Structure formats: structure tokens, C-alpha cells
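Reader: I have a structure to go through and would like some help reading it. Can we take it in small steps?

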Amino acid sequence: MEVKLEGKHAVVTGAGKGIGRATALALVRCGAKVTAVTRTQADLDSLVQECAAITPVCVDLCDWTATRAALQDVGPVDLLVNNAGCAALESVLEVTEEQFDRSFNVNVKALLLVSQIVAGGMKTRGSGGAIVNVSSQASQRALRDHAVYCATKAAVDMLTKVMALELGPHQIRVNAVNPTVVNEMGRRGWSRPDKAVAMTTRIPLGRFAEVEDVVHTILFLLSDLSSMINGVTLPVDGGFLAC
Ligand code: NAP
């Protein structure tokens, strides 16, 4: 099945690197008009160089005033991917206030704000839409040294469900994807061979995810192929959460 998104305008946060960047590029290939939001101008420059059709927006999503200002002129939005995220890897006893605040600001507060802006417009226009929040398997399993990250992603899962409940009557579907460790970007936390092996042995398929595994799932949840799916937290984890 082919995902066709001609005539749709998609906004992707955290589109400078990793999953967000790959999602923005894939959305263009599906025919969507794409606005890429991130905070490092150099990433946006290289993204636009790679794909001139993408509209770049440079803003730190932790700054609510700047984010409102940056997104007010992007025009009507049909699809939103709340992907921007960060991971502070510390144990419960060592995590700092700064790490806690930064993690919740990026992973949870920014997601809520961008959703308010975008879904508010969808509701006013009565046009419906689809939102995908990029969560993690860490929302549903305790992972050593991931205390704050796990807590932020658990918050993302529950926000997804409440958004689905409240926005569903406006034909705005809200779902989450919950990837396992993704190759390349996941290396930061899982580069030590012993840690990597300990994780892959808990994944029935025996491997980490590829970026495309996550991107394809996001495209499916944004498209009409999933038109009756609302409020799910969909693992892209090779079965990790099933065990
Ligand atoms: P990444 O490579 O670090 O990319 C994250 C993107 O978000 C970057 O472009 C980053 O910009 C942007 N961003 C971060 N804070 C921002 C802010 N305050 N304002 C605007 N943009 C901001 O991350 P990734 O691995 O692709 O992860 C993407 C999402 O998937 C995250 O939500 C993550 O939690 C989730 N996830 C990742 C994995 C994995 O193994 N990689 C697994 C499960 C879930 P800067 O670089 O300029 O900060």
C-alpha cells in the first residue's frame, strides 16, 4: 500500500536530525508540503539543500513565546509529527534539576504547546487532521539510567490518549509511536557492546530498529490507511514490550 499525502501540509518538529529529518524527507516523497521545525539553523540549511521543497522554521521549542510567534504564519496544517526530544541519561540518585527541567520542557511541554497551536487551527477550520507523537518503549519499561527519559515518555503516552479523547470529536486523530533503540541515533545511550547485547537479547526480533522502521509507522498513522486508529501507543520494538 502506498501512502499518498498530496495536498496535505505537514509540520515535523525536531526535523534537523535523525528520525525527524528522515520523516520530513519521506513526507515530501509522499506528496505533502512540509514545514520542518528545529533549533539549529545549520541543520535546516543542509535539509533545504537536500530538499528545496521543505519550508524551514528555526526556533527553540522550549521558548513558548518564540514558538507561538514562529508557528503563527505557517498556514493551515493537516498533519503534525511531534518528534523533537532529548535524553538525559542519569541514575535516579544523580539526575539534576537542570536535566529534569530540560527533558520535560522538550519532550512534554513543547509537544503540548505545538499540539495546542496546530490542533487549535484544525478545530477552528473543521478540517480534521492527524497527529503522531514520537514516544519510546521507555514509556512502558523501566530502563536503568533513564529515569527522567522514561517519565517524560510515559507523560507523552498519556497526553496522546487524552488528546485522542478530546480531539477525536473534531476528527483529529492522535497516536504515538514507541520505538526501541534506533540504530545510529540510539548509539549514544547503547554504544557499549555489553549494554547493546543486553538490550537486543530482550528484543524477540534480535535487533535494534532502523530509522525507516519508525518513519514508515509514522507515515501509516498520519495517512488515511489508519483512519480508524486513534489513541494508540504503537510499539516499533521488535516485540520488546510484549515480553
Ligand atoms: P536526535 O537525532 O537527537 O534529533 C532530535 C532533533 O530534535 C534534533 O534536530 C534536535 O535539534 C531537535 N530538538 C531537540 N530539542 C529541541 C528544541 N528545544 N527545540 C527545537 N528542536 C529541538 O533524536 P532522534 O534519535 O532522532 O529522536 C527523535 C525522537 O525519537 C525523540 O523524541 C526521541 O526521544 C525518540 N526516540 C528515539 C530513539 C532512538 O533510539 N534514537 C528511540 C526511541 C524514541 P538539536 O540537535 O539542534 O538539539
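Author: Yes. One term comes up right away: a polar contact is a pair of N or O atoms within 3.5 Å. Also keep in mind that this is a predicted model.

Reader: OK. Which residues come nearest to the ligand?

Author: There are 28 residues around the ligand, and K17, R39, T40, Y149 and V182 come nearest.

Reader: How far is the side chain of K17 from the ligand?

Author: An N or O atom in the K17 side chain is 2.5 Å from an oxygen atom of the ligand. With T40, a side-chain N or O atom is 2.4 Å from a ligand oxygen. V182 uses its backbone instead: one of its backbone N or O atoms lies 2.7 Å from an oxygen atom of the ligand.

Reader: And how much of the ligand does the protein bury?

Author: The protein buries 91% of the 890 Å² that the ligand exposes when taken alone.

Reader: Y149 was in that list. Which residues of α5 are buried?

Author: Y149 is one of them. The others are V148, C150, T152, K153, V156, D157, L159, T160, M163, A164 and L167. The cover over these buried residues includes α4 (97–125), β5 (129–134), β6 (172–179) and β7.

Reader: How many residues does α5 have, and what is its reach?

Author: Helix α5 runs over residues 147–167, which is 21 residues. From its first C-alpha to its last it reaches 30 Å, close to the 30 Å expected at 1.5 Å a residue.

Reader: What about the loops on either side of α5?

Author: D145 sits in the loop between β5 and α5, and Q171 in the loop between α5 and β6. D145 has a positive phi of about 65° although it is not a glycine. Q171 is not a glycine either, and its phi is positive at about 60°.

Reader: Is Q171 buried or exposed?

Author: Q171 is exposed, because its relative accessibility is 59%. D145 has 33%, so it counts as partly exposed.

Reader: New topic. How many disulfides are there?

Author: Zero, after a search of the whole structure. A disulfide is a covalent bond between the sulfur atoms of two cysteines.

Reader: Why is there no bond at C62?

Author: Because the closest cysteine sulfur, in C86, is 7.2 Å from the sulfur of C62, which is too far for a bond. The cut-off for a disulfide is 2.5 Å.

Reader: And why none at C150?

Author: The closest cysteine sulfur to C150 is also in C86, but it is 13 Å away, so it is too far for a bond. C150 is buried at 12% relative accessibility, while C62, at 31%, is partly exposed.

Reader: Moving on to α8. What is T217 in contact with?

Author: T217 lies in helix α8. Leaving aside neighbours within four places in sequence, T217 is in contact with V177, L234 and V236. A polar atom of the T217 side chain is 2.8 Å from the backbone oxygen of D213. T217 counts as buried because its relative accessibility is 15%.

Reader: Last one. Where is D224 found?

Author: D224 is in the loop between α8 (211–222) and β7 (233–236). With 63% relative accessibility, D224 counts as exposed. D224 and G16 are 208 residues apart in sequence, and their C-alpha atoms are 26 Å apart in space.

Conventions. Residues are numbered from 1 along each chain as its sequence is written. This is a predicted model: local features need pLDDT of at least 70, side-chain atom pairs count only at pLDDT 80 or more; totals for chains, interfaces and linings use all residues. Side-chain values use heavy atoms; hydrogens and water are left out. Buried means under 20% relative accessible area, exposed over 50%, partly exposed in between (1.4 Å probe, protein chains only). Helices (H or I, at least four residues) and strands (E, at least two) are DSSP runs, numbered from the N terminus. The expected span of a helix is 1.5 Å times one less than its number of residues. Contact means heavy atoms within 4.5 Å. A residue is near a molecule or strand if one of its heavy atoms lies within 4 Å of it. A polar contact is a pair of N or O atoms within 3.5 Å; within protein, one must be able to donate a hydrogen and the other to accept it, and residues adjacent in sequence count only if both atoms are side-chain atoms. Accessible areas come from the Shrake-Rupley method with a 1.4 Å probe; for residues, only the protein chains shown count as cover.
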